[in-house]
Amino acid sequence: MAAITSEGPRSGYRERSLGARFLGLISQILKTRGAGFGLAVVLLVIFLAATADWVAPYDPNVPRGSVLLQPSGTYWFGTDHLGRDLLSRVIFGSRVAVEAGLVSVGFALTLGVTIGLVAGYWGGWVDDVLMRLVDAIWSFPTLVLALAIAFSLGQGLINAMIAIGVVFTPAFARLVRGQALSVRERDFVTAARVLGAGPSRIMLRHIWPNVIGPIIVQSSLMVAQAIIVEAALSFLGLGVEPPQASWGSMLRTGYQYMERAPWLSLFPGAAIFITVLSLNLLGDGLRLALDPRLRERGSA
Amino acid sequence: MGKYLLRRLLYFVPVFFLVSVVIFSITMLLPGDPAMAFLGDAMGQDKVAYAAMRAELGLDQPVPVQYANWLGRALHGDLGRSIRTHETVVEGLQARLPVTIELTVVALFFALIVAIPVGIISATRPNSLLDSVGTVLAIGGVAIPEFFLGIVLIYVFAVLLHWLPSSGFVPLSAGLWLSLQSIIMPAIALGTTVTAVTMRQVRASLLEVLQQEYVVVARAKGLAEPAVVRDHAVKNALIPVVTVIGLQIGRLFGGAVVVETIFALPGMGRLAADSIFFRDFPMLQGVVLVMAGAVLLFNLLTDLLYAYLDPRIRYA
């Protein structure tokens, strides 16, 4: 059976070590304009999220000075309406953004890939039922559905992440189904079936490796969207619970003090914008790196 | 085309049915008791009144029966009565729908008048300064959330420059100019992402069409480049753009929730958010049903328009 797998279109890939493949991918990504910047910012945000306890200058939830202080040498981003250091809150907000992005997309990925693989592999009525359900969820405006689910489950980051995961599931299901439909007709899948491979084995060992490229690209773009939706939910009061810092809830506060302290909106808003922009640039780089046809077209 | 239309309509029915199931299920999961919400805390303590209200709302029935009753009434245009305002849901929707329609139409108009010319300029002058500016705008436009852009616009144009009102809505009946003044900032905030997505699509699509053989032939015949682009390339390049724009309707409705909240517009998006926070189950069901129905309808129209414009689709 291993021989069949190695005869698949990824056989050349498998001969290289994981490290060499990773470095090759990074060097391909960096060839796309802006992708290097995207990668650097994404790594910085992840670093800040992981080390917020050490790199943030102050406790994000404890008032430090006077309220609504302008940005200064002491408080680089100023202070908020309760006198808390805004820079520290933006840094801790990155933790919520990273968590929301990764967990909700991980949830959507797991559910969507399962649905897509099953629908694409089995076809027939299974495909019809699953895809009509996916289409039904796809019909809802993302934020409206996320809002309704998040409210049904109750306020909190975990519930917001589940809500985002549910609304993003159709994107993965449709993508994987489309790929699975095309891959299942290929000779190496037919050969595996003839040799007695069961549906689970075919889906996981033969179809999955061939759909993983588009999924990686889609995931990077969905993480960006998840950050926006989480921020929107928090902005509307359904994301993280106070006093936890999130970019969306900070924007909500900033909006209320816009005339007196515009920096309260500016810094968290800029954090969302730059992070999402970087993820999109990285996604573009990944798309070009993982799809040789696009690379050829781009260089033509 | 007739067969294609029938196929698409047959697809529409089960999806709309599933949409209704999802809406009903979600609102059933919302915390709080609708009968108690209708009666208020004081009256809700009266067990007889409470039981009567549950019976009146059909909450004493099994869930599938409740769903069937709700769907049956909805199909006859009866979406119930708002818990918060006591108006009928249909009346509430009728009052808010024009605001959201005006907002989305202006947002879409803004998106098209910016995206199509910039996309065409980018594609006809690839790698030029104009193309780079267009690309940066497109990348930035996709990344900026509506609520942040809305706040920035309010700060610049209302707080600093005093050019436009920071919030509120003036209906079209009060005058076009006044209405536009109240809607222009929300429309730009809402339409920027759609502008960026459409711009990228126009550019990519036109670049591809410009390499087609029939365009090469048109050039070989001696046609000037502007004529080649205008008469031969743009029309075909805009066909996929129809799909992209059609798919943005859901995004616009979703964005309307935050944009209408920030700009205090009395539209469907704000109604959706308010219904959730006030646990107004019937109104929420109505708003979401109309929004999802509209998205489905636009998807259907987009498919049909695409099939009309590109015969290969309907014969596939």
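Modeller: In this predicted model, a residue is called buried when its relative accessible area is under 20%, exposed when that area is over 50%, and partly exposed in between.

Colleague: Why, then, does B:A264 count as partly exposed?

Modeller: The relative accessibility of B:A264 is 30%, and because partly exposed covers what lies between under 20% and over 50%, B:A264 is given that name. The residue is placed in the loop between α11 (239–262) and α12 (268–277) of chain B, and its phi is positive, about 50°, although B:A264 is not a glycine.

Colleague: What makes B:R279 partly exposed?

Modeller: B:R279 has a relative accessible area of 37%, a value that is neither under 20% nor over 50%, and therefore falls in the class in between. B:R279 belongs to the loop between α12 and α13 (281–309) of chain B, and, although not a glycine, has a positive phi of about 55°.

Colleague: Why is B:S82 called buried, given a place in the loop between α4 (63–75) and α5 (89–124) of chain B?

Modeller: The name rests on accessible area and not on the kind of element; B:S82 has a relative accessible area of 0%, and because buried means under 20%, the serine is classed as buried.

Colleague: Which backbone nitrogens lie at 3.1 Å and at 3.0 Å from a polar atom of the B:S82 side chain, and why do these pairs meet the distance limit for a polar contact?

Modeller: The backbone nitrogen of B:R84 is the one at 3.1 Å, and that of B:T85 is the one at 3.0 Å; the limit is 3.5 Å, so both pairs are within it. Once neighbours within four places in sequence are set aside, the residues in contact with B:S82 are B:F38, B:E87, B:V89, B:D280 and B:M283.

Colleague: Why does A:S139 count as buried, and which residues is it in contact with, leaving aside neighbours within four places in sequence?

Modeller: A:S139 has 1% relative accessibility, which is under 20% and therefore meets the definition of buried. This serine sits in the loop between α6 (124–138) and α7 (142–153) of chain A, while its contacts beyond four places are with B:V15, B:V19, B:A292, B:V295 and B:L296. Within chain A, a polar atom of the A:S139 side chain lies 2.7 Å from the backbone oxygen of A:D135.

Colleague: How do you know that the span of α6(A) agrees with what 1.5 Å a residue predicts?

Modeller: The expected span is 1.5 Å times one less than the number of residues, so the 15 residues of α6(A) should span 21 Å, and the end C-alpha atoms are indeed 21 Å apart. The buried residues of α6(A) are A:V126, A:D127, A:M131, A:V134, A:D135 and A:A136, and they pack against α5 and α8 (157–183) of chain A together with α1 (2–29) of chain B.

Colleague: What span does α5 of chain A reach, and what was expected?

Modeller: Helix α5 (residues 86–122) has 37 residues and reaches 52 Å from its first C-alpha to its last, close to the 54 Å expected. The residue that follows α5(A) is A:G123, with a positive phi near 65°.

Colleague: Turning to helix α4 (residues 35–55) of chain A, where A:L39 has its place, why does A:L39 count as buried?

Modeller: A:L39 has 16% relative accessibility, and because the cut-off for buried is under 20%, A:L39 is classed as buried. Although A:L39 and A:S278 are 239 residues apart in sequence, their C-alpha atoms are 6.8 Å apart in space; beyond four places in sequence, A:L39 touches A:I26, A:L30 and A:L282.

Colleague: And what makes A:A52, also found in helix α4 of chain A, buried?

Modeller: A:A52 has a relative accessible area of 0%, which is under 20% and so counts as buried. The C-alpha atoms of A:A52 and A:I91 are 6.1 Å apart, with their positions 39 residues apart in sequence, and the contacts of A:A52 beyond four places are A:I91, A:F92 and A:R95.

Colleague: What is the omega of the cis peptide bond that joins A:P242 and A:P243, and where is A:P243 placed?

Modeller: Omega is about 5° for that bond, and A:P243 is in the loop between α10 (199–235) and α11 (247–256) of chain A.

Notes:
Residues are numbered from 1 along each chain as its sequence is written. Chains are lettered from A and ligands numbered from 1 in the order in which they are written. This is a predicted model: local features need pLDDT of at least 70, side-chain atom pairs count only at pLDDT 80 or more; totals for chains, interfaces and linings use all residues. Side-chain values use heavy atoms; hydrogens and water are left out. Buried means under 20% relative accessible area, exposed over 50%, partly exposed in between (1.4 Å probe, protein chains only). A polar contact is a pair of N or O atoms within 3.5 Å; within protein, one must be able to donate a hydrogen and the other to accept it, and residues adjacent in sequence count only if both atoms are side-chain atoms. Contact means heavy atoms within 4.5 Å. Helices (H or I, at least four residues) and strands (E, at least two) are DSSP runs, numbered from the N terminus.
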